[in-house]
Amino acid sequence: MNIVVVGSGIAGVTFAEKYRTLSPDTEITLITQEHDGYYSRPLLSRGFTKTDIEQSIILKSFDKLRESNIDVIAGSEITGIDCKQKTVAIDGPCQEKFLTYDKLILAQGSEAFVPPPFRPFEKLFFKLNSLADLKAMRKFRQPFLNRNQHPHWAVVGGGLIGCEVASDLAAAGDKVTIYHMMDRLMERQLVPEDSAGLLAVLQASGVEVLLNQAVQSFADEGGKLCVKTDVTAEYDAIVVATGFKPRTGLAQQAGLDVGRGIKVNAYLQTSDEDVFALGDAAELSESKLYAYILPIRSQALWLANHLTGQEQTPWAPALFSTKAKVHGFEAKYPYNL
Ligand SMILES: Cc1cc2nc3c(=O)[nH]c(=O)nc-3n(C[C@H](O)[C@H](O)[C@H](O)COP(=O)(O)OP(=O)(O)OC[C@H]3O[C@@H](n4cnc5c(N)ncnc54)[C@H](O)[C@@H]3O)c2cc1C
């Protein structure tokens, strides 16, 4: 048996490690675009108050995974899947340009969603979706700190990630203005009373919150970055945090069924019987995405058990909860997930 896993987030790594413990002889190859190891994505939004974050965020080095006999091909991208030949095409510094598989596990996660009107301005703003994104933001910020200054950030989007990033930047001493399209923060996850509590906490930490703001465009005017609504305001930097989008392109090119994510049945099996998908990339029945750590970990463990013949009942999510990592904020009511 030869298993190829795409992606080194919690979905891919948890699956590969669990499968290895259940089946010492199976060949497992994990291919990832990442260079720095398996890291905690939730900790990205604590990337400004934790000075050692670029090291402490790493949960496991790729060499450590290799010691468990998982063949990690890092810094490389899967660029194509041929479901008939059961091969994947690889673009990267590694010698292999194609790999064959008996089972293919798609754990490619999600990218930051950028609304179409913002796309022509992508060079003008940051997104916070990967360790590379965090490093870019920290690198931008460092010269300000070296001069004993702090940049002023516009954070576009008052959802979970926008609020977390704004909170951490403010806690690290930066000036922050949030632009949110709706009339309350995190309206998808929180009841109105908790949105009001969150607003109060953010404001108390120095964050300026602008609600009911339809951002129209961005501009670079002589080195100052502008956010344009009905009025134009200048900032040192802009972060767009307007949601996420499962990575479906490869699956779609391969002819697999995709919708919001890569469509899978309750056995996490795609429309090809030897290809499975899990984590942020996967869409279950009723268009449901499970883009949180706890259900993804459960999917990964379940799939390893299932493919080694230890689990026959379909995957079902256990009840889970999450918390916004906003300094000083506790919701009174459960999150809507
Ligand atoms: C800032 C932030 C804060 C968050 N906070 C929380 C939280 O507090 N609690 C919580 O439950 N969830 C949180 N989440 C969501 C959670 O982190 C994700 O649901 C989870 O990490 C997704 O795991 P994954 O393994 O499916 O995908 P990912 O972690 O995205 O991993 C996918 C991997 O696939 C690789 N890849 C993609 N395409 C290819 C390709 N073609 N070839 C090779 N490799 C490829 C990528 O490089 C990446 O390494 C947060 C997310 C973010 C961005």
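# Exercises: two domains, a ligand and the sheets

The C-alpha centres of domain 1 and domain 2 lie 30 Å apart. The model is a predicted one. Work through the exercises with the structure open.

## Exercise 1. The domains

Task: state which residues belong to each domain, then describe the contact between domain 1 and domain 2.

Solution.
- Step 1. Take the bounds. Domain 1 has two segments, 2-111 and 244-307. Domain 2 covers 114-240.
- Step 2. Count the contacts, with C-beta atoms within 7 Å as the cut-off. On the domain 1 side, 11 residues take part. They meet 13 residues of domain 2.
- Step 3. Sort the domain 1 side by class. Four residues are nonpolar, three are polar and four are charged.

## Exercise 2. The ligand shell

Task: describe the residues that surround the ligand, and explain where the ligand lies relative to domain 1 and domain 2.

Solution.
- Step 1. Count the shell. The ligand is surrounded by 35 residues. Gly7, Gly9, Arg41, Gly109 and Gly279 are the closest.
- Step 2. Sort the shell by class. There are 16 nonpolar residues, 13 polar ones and six charged ones.
- Step 3. Find the elements behind the shell. At least two residues each come from α1 (10-22), β6 (77-82) and α8 (293-307). The top contributor is α1, with three residues.
- Step 4. Place the ligand. Domain 1 and domain 2 both give residues to the shell, so the ligand lies between them.

## Exercise 3. Parallel pairs around β2

Task: follow the pairing from β1 to β2, then from β2 to β5.

Solution.
- Step 1. Start with β1 (residues 2-6) and β2 (residues 27-31). They run parallel and share five bridges.
- Step 2. Pick a bridge. Ile3 is partnered by Ile28 in β2.
- Step 3. Add the helix. Together, β1, α1 and β2 form a β-α-β unit, and this unit is right-handed.
- Step 4. Move on to β5 (residues 71-73). It is parallel to β2, and three bridges join the two strands. Here Thr29 has Asp71 in β5 as its bridge partner.

## Exercise 4. The sheet with β7

Task: give the strand order of the open sheet that holds β6, β7 and β8, and name its edge strands.

Solution.
- Step 1. Write the order. It is β6-β7-β8, with antiparallel pairing.
- Step 2. Mark the edges. β6 and β8 (98-100) each pair on one side only.
- Step 3. Read the angle. Direction ignored, neighbouring strands are turned by 25 degrees against each other on average.
- Step 4. Check one pair. Five bridges link β6 to β7 (residues 87-91) in the antiparallel sense. Within this pair, Gly80 faces Ala89 of β7 as its opposite residue.

## Exercise 5. The sheet with β15

Task: explain why β14 and β16 each have one side without a neighbour in the sheet.

Solution.
- Step 1. Write the order. The three strands of this open sheet run β14-β15-β16, paired antiparallel.
- Step 2. Count partners. β14 (217-221) and β16 (232-235) are at the edges and have a single partner strand each, so one side of each lacks a neighbour in the sheet.
- Step 3. Add the twist. From one strand to the next, it averages 30 degrees.
- Step 4. Check one pair. β15 (residues 224-228) and β16 are antiparallel, with four bridges between them. Opposite Cys226 stands Glu234 in β16.

Terms used. Residues are numbered from 1 along each chain as its sequence is written. This is a predicted model: local features need pLDDT of at least 70, side-chain atom pairs count only at pLDDT 80 or more; totals for chains, interfaces and linings use all residues. Domain bounds come from an automatic or database domain assignment. Two residues are in contact if their C-beta atoms, placed from the backbone, lie within 7 Å. Ala, Val, Leu, Ile, Met, Phe, Trp, Tyr, Cys and Pro count as nonpolar, Asp, Glu, Lys and Arg as charged, and the others, Gly among them, as polar. A residue is near a molecule or strand if its C-beta atom, placed from the backbone, lies within 6 Å of it. Two strands pair if DSSP finds at least two bridges between them. Axes are lines fitted to C-alpha atoms, for helices over the stretch in contact, and angles run from 0 to 180 degrees between N-to-C directions. A crossover is right-handed if, with the strands pointing away from the viewer, the path from the first strand over the helix to the second runs clockwise.
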